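Good morning, and thank you for making time for this item. I would ask you to keep the sequence and the structure in view while I speak.

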Amino acid sequence: MKKMKNEVALSKKAIQVGEKYALQRGYAGFSATMSANEKVEAIYRLLVLDKLIVALPADKEDLPNMKHKLALWIQKHLPKDDPLLK
């Protein structure tokens, strides 16, 4: 896994966008006490279920790889002039 520029910021943006996507899709599992790591896993699994991202192999399915996968996903969906891509 190659570290991306602005990966932390991209992951945070992916959580925000993914949370909105999940709520629009009818997912009601997010609570105020839910940790960011739990949100990452829930969003990752939802995106895999909806076939918006390809699932990681079972032996590579851990939190850092899930965050990286979400960062890659949001990077593809941001406008080209977005400051996070610079």
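Let me begin with a term: by contact I mean heavy atoms within 4.5 Å. Please also note that this is a predicted model.

With that term in hand, consider Leu47, which lies in helix 2, residues 36–49. Setting aside residues up to four places away in sequence, Leu47 touches Tyr21, Leu52, Ile53, Leu70 and Trp73. One of these partners, Trp73, is 26 residues from Leu47 along the chain, and their C-alpha atoms are separated by 9.4 Å. Is Leu47 buried or exposed? Its relative accessibility is 0%, and the cut-off for buried is under 20%, so Leu47 counts as buried.

I turn now to helix 3. Its 15 residues should span 21 Å at 1.5 Å a residue, and its end C-alpha atoms are 21 Å apart, so expectation and model agree. The buried residues in helix 3 are Asn65, Met66, His68, Leu70, Ala71, Trp73 and Ile74. Helix 1 and helix 2 are among the elements that cover them.

Asn65 in helix 3 merits a separate remark. This residue has a relative accessible area of 14%, and therefore it is buried. Its side chain is joined to that of Asp62 by a polar contact of 2.9 Å.

Next, the largest pocket. Its volume is about 150 Å³. The elements that each give two or more residues to its lining are helix 1 (7–24), helix 2 and helix 3 (63–77). Which of them provides the largest share? That is helix 1, with 5 residues. The lining includes Glu7, Val8, Ala36, Asn37, Pro64 and Lys67. By character, the lining residues divide into 5 nonpolar, 2 polar and 4 charged.

Finally, the backbone. Most residues other than glycine have a negative phi. Two residues here call for comment in that respect. Asn6, in the segment before helix 1, is not a glycine, yet its phi is positive, at about 65 degrees. With a relative accessible area of 31%, Asn6 is partly exposed. Lys51 is found in the loop between helix 2 and helix 3, and its phi is also positive, near 60 degrees, in a residue other than glycine. Is Lys51 buried or exposed? Its relative accessibility is 73%, and exposed means over 50%, so Lys51 counts as exposed.

That concludes my presentation, and I welcome your questions.

Definitions and conventions. Residues numbered from 1 in each chain as written. Predicted model: local features only at pLDDT ≥ 70, side-chain atom pairs only at ≥ 80, totals over all residues. Heavy atoms only, no water. Helix = DSSP H or I, 4+ residues; strand = E, 2+ residues; numbered from the N terminus. Buried < 20%, exposed > 50% of the residue type's maximum accessible area, 1.4 Å probe, protein only. 1 Å grid on protein atoms, 1.4 Å probe; cavity = no way out; pocket = protein on both sides within 12 Å on 5 of 7 lines; lining within 4 Å. Points joined across faces, edges and corners; volume = space filled by probe spheres on them. Nonpolar A, V, L, I, M, F, W, Y, C, P; charged D, E, K, R; others polar. Polar contact = N/O pair within 3.5 Å; in protein donor to acceptor, adjacent residues only side chain to side chain. Expected span 1.5 Å × (residues − 1).
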